[in-house]
Number of protein chains: 2
Amino acid sequence: MVTRLSDVAARAGVSVKTVSNVINDYPHITARTRAKVQAAIEALDYTPNVSARSLRKGRSDFIALAIPEMASPYFAELGAAISRAAKKRGITVLIDQTEGEAAAEKLVLGGMRGQLIDGIIFSPITTAPTKIARTDTAKPLVLLGERHAGGTLDHVAVDSVQASFDATTHLISIGRRRIAAIGVGGGAGTGAVRRKGYRKALKAAGLPHDPTLELAGTGYHREDGASSMRELLALPEPPDAVFCFNDLLAIGALRTLAEAGLSVPRDVAVVGFDDIEDGRYHSPSLTTISPDMEWLAEQAVGLLLDRIAGTGEVDRRDLTVPYTLQIRESSAG
Amino acid sequence: MVTRLSDVAARAGVSVKTVSNVINDYPHITARTRAKVQAAIEALDYTPNVSARSLRKGRSDFIALAIPEMASPYFAELGAAISRAAKKRGITVLIDQTEGEAAAEKLVLGGMRGQLIDGIIFSPITTAPTKIARTDTAKPLVLLGERHAGGTLDHVAVDSVQASFDATTHLISIGRRRIAAIGVGGGAGTGAVRRKGYRKALKAAGLPHDPTLELAGTGYHREDGASSMRELLALPEPPDAVFCFNDLLAIGALRTLAEAGLSVPRDVAVVGFDDIEDGRYHSPSLTTISPDMEWLAEQAVGLLLDRIAGTGEVDRRDLTVPYTLQIRESSAG
DNA sequence: CTGAGTTTTTACAACGATTGACATCGGCTG
DNA sequence: CAGCCGATGTCAATCGTTGTAAAAACTCAG
């Protein structure tokens with residue numbers, strides 16, 4: 001059942017070279033020959049041996065997507081979108097769960113999967129992969145999400161500051177005055193950038209900034225949102241709204257609020273970030289920042305492929321993903 | 001920055017083959033030589049070229065996981081678990097979204113990704129991939145989920161009939177009498193097998209079987225659950241409980257119930273299947289069948305690797321995944 | 001110190017696809 | 001009919017790694 005190029009050639013009655021030419025779209029080929037070859041390929045169900053091709057060409061048409069964890073809905077959706085976008089272009093995506101930056105760095109900076117991969121799309125969530133920015137990674141790399149210190153890499157992300165500003169402003173516009181933030185972080189990561197937009201909105205509205213309403217938590221999962229919300233409820237003066245830096249946190253917060261017997265949005269309004277599908281099905285459904293994921297995926301893949309194909313001297317590009325604020329029940333009037 | 005075996009050899013002052021021997025744990029190597037080589041590898045940060053190795057050995061240490069869609073939480077969690085299990089054994093997983101069986105069959109039966117892959121773990125959800133069962137796929141294949149007609153393949157799955165029986169029986173035990181089922185299907189797929197357990201439980205309890213309470217729907221997503229639930233509520237005599245054949249359907253059903261202003265579980269109790277993480281955070285939290293996903297992943301990978309390594313004459317194996325019924329708020333007394 | 005036996009290391013040829021330099025072979029142009 | 005051009009074929013080399021088999025180096029007994 002192992003079909004080789006030579007088998008196809010034999011069956012089509014042409015030389016190996018000709019078959020290879022057909023496959024690689026060499027211009028000067030008669031329609032007749034091409035048809036014969038195609039037929040033989042069809043009949044033998046031939047697929048080129050990826051290893052051999054990749055060894056010879058130095059290109060595999062595989063790219064890697066490095067994400068913290070694929071079981072997280074946002075990343076699962078991202079993975080799906082990137083895979084689709086890549087498949088359209090005949091590229092296969094290898095998904096790598098980094099589970100924390102250490103392993104990721106090793107992967108990215110290190111052997112890069114034995115040269116199999118043509119390039120990498122890297123989507124960190126928490127800490128800043130400063131060390132990535134540099135080095136002779138040899139392989140093209142596109143960064144997703146907050147851009148970190150002194151990036152010299154191609155980059156695709158939502159304008160998190162603006163989006164957070166919008167989200168917070170929305171809460172203000174429905175009359176909330178004590179607005180908490182969950183998911184705050186330091187450095188230049190997501191948690192810091194979104195906090196910036198949040199604070200900016202408060203300031204713009206002339207609202208006081210209460211540091212006890214900014215919760216860092218340990219991560220970006222549902223349980224972190226739930227426990228942060230518990231902390232907020234324990235305050236002498238709890239908030240009347242919460243802006244969670246991602247939807248998972250928001251879902252955790254909703255859960256805590258439900259357990260506490262509080263009504264959302266009456267007692268506390270909640271806004272998230274990412275627009276994962278679950279959010280739409282919770283009761284109340286979740287108001288959230290909805291980035292255009294298809295656009296993101298399309299651009300990220302495009303950028304990477306340009307870089308892979310390119311002579312290398314293109315300027316670094318930095319794309320901003322369009323988003324909308326999806327107003328749902330968790331903050332409805 | 002491209003480091004080859006020959007570079008390492010040169011630096012270590014040995015032959016290329018010796019370096020290869022060190023890497024492949026060939027037994028007869030002096031400690032001194034080994035150390036020299038290791039040092040050179042270290043110094044040059046050498047990683048073997050996967051393509052070349054795979055071409056030569058006919059093994060790539062890549063396996064594929066074919067799932068309908070990775071954005072679906074159950075499959076995302078499955079993908080994560082399988083990746084982890086594989087990584088432990090030095091294997092990389094390639095995730096393939098089949099999005100419907102046609103493409104999947106082509107992949108599985110066809111070129112099998114240009115011989116790059118050593119084997120495949122296939123997890124269909126809906127229709128029966130009868131055609132897969134056969135042929136000269138050349139590559140080992142492990143099937144997850146309901147076993148389909150005349151399987152001759154290694155297989156790992158929950159005992160869906162028993163689990164569905166348990167789920168339904170649980171609803172009966174809390175006093176429900178009109179129990180609906182969402183996700184029913186024909187053939188030998190998930191929808192049919194789970195219906196079997198459901199009917200069996202009704203029968204065992206001496207409850208009448210009302211066909212209007214069995215809803216097929218078009219898929220296994222939240223929206224399907226939501227619309228099916230709407231249909232049920234429109235019945236002259238709506239159910240007092242629903243067993244949904246997966247958690248997404250259940251979440252959709254919960255949403256519809258909430259929109260209808262009904263209380264869960266007071267008016268209608270709901271049970272799901274899969275135990276995806278979201279279910280625990282909904283209000284009410286979702287009672288569900290919880291398969292041991294880690295076990296499943298571990299076994300599936302193990303089975304496949306045995307098959308890949310094996311001489312091929314092992315008997316077909318059929319493993320049953322342990323599960324528990326997680327009783328939560330959606331069916332709490 | 002020699003020769004047998006054993007260990008360690010090496011040379012060489014694959015694996016399958018691609019590519020480049022040329023050679024061929026028709027058919028077409030003028 | 002010479003000369004050209006387009007379409008294929010031949011041949012060989014290459015990508016980096018590993019299996020085979022044989023050479024080289026070592027050990028030990030006599």
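**Exercise 1. The surfaces that face the DNA**

Which elements of chain A and chain B each supply at least two residues of the surface near DNA strand D?

Solution. The model is a predicted one, in which local features need pLDDT of at least 70 and side-chain atom pairs count only at pLDDT 80 or more, while totals for chains, interfaces and linings use all residues. Residues are numbered from 1 along each chain as its sequence is written, and chains are lettered from A and ligands numbered from 1 in the order in which they are written.

Step 1. The elements sought are H2, H3 and H4 of chain A together with H2 and H4 of chain B; helices (H or I, at least four residues) and strands (E, at least two) are DSSP runs, numbered from the N terminus.

Step 2. H4(B) provides the largest share of this surface, with five residues.

Step 3. Around DNA strand D there are 26 residues, of which A:Thr18, A:His28, A:Thr30, A:Thr33 and B:Leu5 come nearest; a residue is near a molecule or strand if its C-beta atom, placed from the backbone, lies within 6 Å of it.

Step 4. Sorted by class, the surface near DNA strand D holds ten nonpolar, eight polar and eight charged residues (Ala, Val, Leu, Ile, Met, Phe, Trp, Tyr, Cys and Pro count as nonpolar, Asp, Glu, Lys and Arg as charged, and the others, Gly among them, as polar).

Step 5. DNA strand C is surrounded by 27 residues, and the closest are A:Leu5, A:Ala52, B:Ser15, B:His28 and B:Thr33. Two or more residues of the surface near DNA strand C come from each of H1, H2 (16–23) and H4 (50–57) of chain A, and likewise from H2 (16–23) and H4 (50–57) of chain B. H4(A) gives the most to that surface, with five residues, and the surface as a whole divides into ten nonpolar, ten polar and seven charged residues.

**Exercise 2. Helix packing around H3(A)**

Describe how H1(A) and H2(A) are each placed against H3(A).

Solution. Step 1. The axes of H1 (residues 5–12) and H3 (residues 31–44) of chain A come within 9 Å and cross at roughly 120°; axes are lines fitted to C-alpha atoms, for helices over the stretch in contact, and angles run from 0 to 180 degrees between N-to-C directions.

Step 2. H1(A) and H3(A) are therefore oblique to each other, given that angles under 35 degrees count as roughly parallel, over 145 as roughly antiparallel, 65 to 115 as roughly perpendicular and the rest as oblique.

Step 3. From H1(A), the residues A:Asp7, A:Val8, A:Arg11 and A:Ala12 make the contact, and from H3(A) the residues A:Lys36, A:Val37, A:Ala40, A:Ile41, A:Ala43 and A:Leu44; two residues are in contact if their C-beta atoms, placed from the backbone, lie within 7 Å. These residues divide into seven nonpolar, no polar and three charged.

Step 4. H2(A) and H3(A) pack at an angle of about 95°, with their axes 10 Å apart, and that makes H2(A) roughly perpendicular to H3(A).

Step 5. Here A:Thr18, A:Val19 and A:Val22 of H2(A) meet A:Thr33, A:Arg34 and A:Val37 of H3(A), a contact with three nonpolar, two polar and one charged residue.

**Exercise 3. Where chain A touches chain B**

How many residues of chain A are in contact with chain B, and which element gives the most to this side of chain A?

Solution. Step 1. The contact joins 40 residues of chain A with 40 residues of chain B.

Step 2. On the side of chain A, two or more residues each come from H4, H5 (73–88), E2, H10 (247–259) and H11 (277–281).

Step 3. H5(A) gives the most, with six residues, and by class this side has 17 nonpolar, 14 polar and nine charged residues.

**Exercise 4. The sheet and some backbone details**

Give the strand order of the six-stranded sheet in chain A, and then locate its cis peptide bonds before A:Pro265 and A:Pro284.

Solution. Step 1. The six strands form an open, parallel sheet in the order E2-E1-E3-E4-E5-E11 (two strands pair if DSSP finds at least two bridges between them).

Step 2. Strands E2 (92–97) and E11 (318–321) of chain A are the edges, each pairing on one side only.

Step 3. The peptide bond from A:Val264 to A:Pro265 is cis, with omega near 5°, and A:Pro265 lies in the loop between H10 and E9 (269–273) of chain A.

Step 4. A cis peptide bond also joins A:Ser283 and A:Pro284, with omega about 0°, and A:Pro284 lies in the loop between H11 and E10 (287–291) of chain A.
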